[in-house]
Amino acid sequence: MTITEILNQPDHSRFSIELLPPLKGQHIDSIYRTMDALMPFNPAFVDVTYHREEYVYREVGPGLLQKRTVRKRPGTVGICAALMNRYEIETVPHIICGGFSVEETENALIDLDFVGVRNVLALRGDAIRSEGRFKADADGHTYAIDLVDQIVDLNKGVYLDPDLKNTTTTSFCIGVAGYPEKHFEAPNPDSDLRWLKQKVDHGAEYIITQMFFDNRRYFDFVDRCRDNGIDVPIIPGIKPLTTATQLSVLPQVFHVDLPDELVAAVEAAKTKDQVREAGISWCTRQAEELLDRGVPTLHFYTMGKANPTVEIARRVFGHVPA
Ligand code: FAD
C-alpha cells in the first residue's frame with residue numbers, strides 16, 4: 001500500500017517512525033528490538049534512513065595515511081525488506097542523490113521494486129562529513145527534484161537506456177523533505193518554498209518535515225504551503241530532546257531553534273533523568289497538540305533509540321492507538 005493510500009484511510013494510525021540502520025558490523029537485532037517495542041502502537045509505516053559514504057584515514061606507516069571510503073550504516077534496502085517480511089508493515093527507504101550515479105540510482109530503484117517496496121523518500125542527502133558542501137556524483141543528481149523526475153520516469157516505464165523496449169513500469173509513491181524553519185542553504189524561506197512546490201509539482205505526493213520543537217513553526221509552514229498551492233499531506237517530524245548537550249547539538253546539526261520554555265525546563269533540571277523527562281513531556285505536548293489539529297500522522301525521529309518514543313506513545317495513545 002502507498003503512503004497516500006494509508007493516509008486516505010479514515011482510521012489510519014496517527015503514528016509513524018524513522019529508523020537508522022545499525023552501524024556496520026552490528027546485528028539487525030537492534031532494529032528488531034526497536035520495532036518490537038514500537039509495534040504495539042501500530043505504526044502506519046516505517047522510514048529507514050540512507051547514509052552516504054565517508055572518508056576515513058588509517059595510519060599505514062610513519063607519517064603515512066591511507067584514505068578509505070566507507071559507508072558506516074549500510075543496509076537500508078535490506079532492512080526495509082526484512083521489516084516488511086517480519087512485521088508486514090509498509091517501509092519507506094530514503095533514496096539520496098549524493099554518492100550515486102543516475103545509473104546506480106536506477107538499479108537501486110529496480111531492486112526496491114523487485115522486493116515489493118512501494119514508497120520512497122527522495123532526498124538530496126547530506127554533504128560528506130569532511131566536506132563543507134554537498135557535491136553531486138559526476139554522473140549523479142544535484143537536487144532532490146532531479147531524483148523525483150527519475151522516479152516519475154521509471155513509474156512510466158522510462159529507463160535511462162532509450163533502446164529498452166516494452167519496459168515494465170514501477171509504481172513508487174514519492175515523498176520529499178520540507179523545512180518549517182527553512183533549509184539551511186536556502187537564501188530565504190520563500191525561495192525554499194518555491195523549490196518545495198517544484199518537487200510536488202514534479203510528482204511528490206507527500207512531505208515529511210524536518211524536526212521542529214515549536215509547533216507554531218509547523219502550523220505557519222503548512223499555512224504558507226497551502227497559500228502557495230502545495231496541497232499534499234505534510235507529515236510533522238518530531239523528536240524528543242533527551243540530553244542537555246542536545247541544546248546545542250540539535251540546532252547545530254538540524255538548523256532548528258529550541259523554544260525558550262524548553263531550554264529553561266532543561267536548564268532547570270538537576271539530573272539526567274529530569275532532563276529526559278523535560279524533553280519527553282515537551283514532545284508529548286507537541287504530539288497531543290498536533291493530533292488535536294488533525295495532522296496526517298505523527299512521524300517520530302527515533303535516532304536509534306526506541307525508549308523515549310515508546311514513552312511518548314504510551315502517554316499520547318495508551319497502548320493501542322486509534
Ligand atoms: P533539495 O530539495 O534538493 O534542497 C536542497 C537545497 O537546494 C534547499 O536549500 C533548496 O531550497 C534548494 N533547491 C532545491 N532544488 C533546487 C534547484 N533545482 N535549484 C536550486 N536550488 C534548489 N539526509 C541523508 O543523507 N540521509 C537521509 O536518510 C535523510 N533523511 C532525511 C529525512 C527528512 C524527513 C529530512 C527533512 C531530511 C533528511 N536528510 C537525510 C537530510 C537532507 O538530505 C538534507 O537536509 C539535505 O541538505 C537537503 O535535502 P533535500 O532533499 O531537502 O534537498
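**Exercise 1. The shell around the ligand**

Task: Find which helices and strands each supply at least two residues of the shell around the ligand in this predicted model.

Solution:
- Start with the strands: S5 (91–96) and S6 (119–123) each supply at least two residues.
- Add the helices: H5 (144–155) and H6 (189–201) do so too.
- Next, look for the largest share: H6 gives three residues.
- Then sort the shell by residue type: 13 are nonpolar, five polar and six charged.

**Exercise 2. Polar partners of the ligand**

Task: Which residues offer polar atoms to the ligand's oxygen and nitrogen atoms?

Solution:
- Take Asp 192: an N or O atom of its side chain is 2.7 Å from a ligand oxygen.
- Take Trp 195: a side-chain N or O atom lies 3.3 Å from a ligand nitrogen.
- Take Ala 186: here a polar backbone atom is 3.4 Å from a ligand oxygen.
- Now check the cover: on its own the ligand has 980 Å² of accessible area, and the protein covers 89% of that.

**Exercise 3. Glu 54**

Task: Is Glu 54 buried or exposed?

Solution:
- Locate Glu 54: it lies in strand S3 (residues 54–61).
- Read its relative accessibility: 11%.
- Apply the cut-off: buried means under 20%, so Glu 54 counts as buried.
- Look at its contacts: among them are Arg 68, Val 70 and Ile 128.
- Find its polar contact: the side chains of Glu 54 and Lys 72 are joined at 3.4 Å.

**Exercise 4. The span of H11**

Task: What span should helix H11 (residues 306–317) have?

Solution:
- Count the residues: twelve.
- Use 1.5 Å a residue: the helix should span 16 Å.
- Compare with the model: the end C-alpha atoms are 16 Å apart, which agrees.
- Step past the end: Gly 318 follows H11, with a positive phi near 70 degrees.

Definitions and conventions: Residues numbered from 1 in each chain as written. Predicted model: local features only at pLDDT ≥ 70, side-chain atom pairs only at ≥ 80, totals over all residues. Heavy atoms only, no water. Helix = DSSP H or I, 4+ residues; strand = E, 2+ residues; numbered from the N terminus. Buried < 20%, exposed > 50% of the residue type's maximum accessible area, 1.4 Å probe, protein only. Contact = heavy atoms within 4.5 Å. Polar contact = N/O pair within 3.5 Å; in protein donor to acceptor, adjacent residues only side chain to side chain. Expected span 1.5 Å × (residues − 1). Areas by Shrake-Rupley, 256 points an atom, 1.4 Å probe, with all protein chains shown as cover. Nonpolar A, V, L, I, M, F, W, Y, C, P; charged D, E, K, R; others polar. Lists of a residue's contacts leave out its neighbours within four places in sequence.
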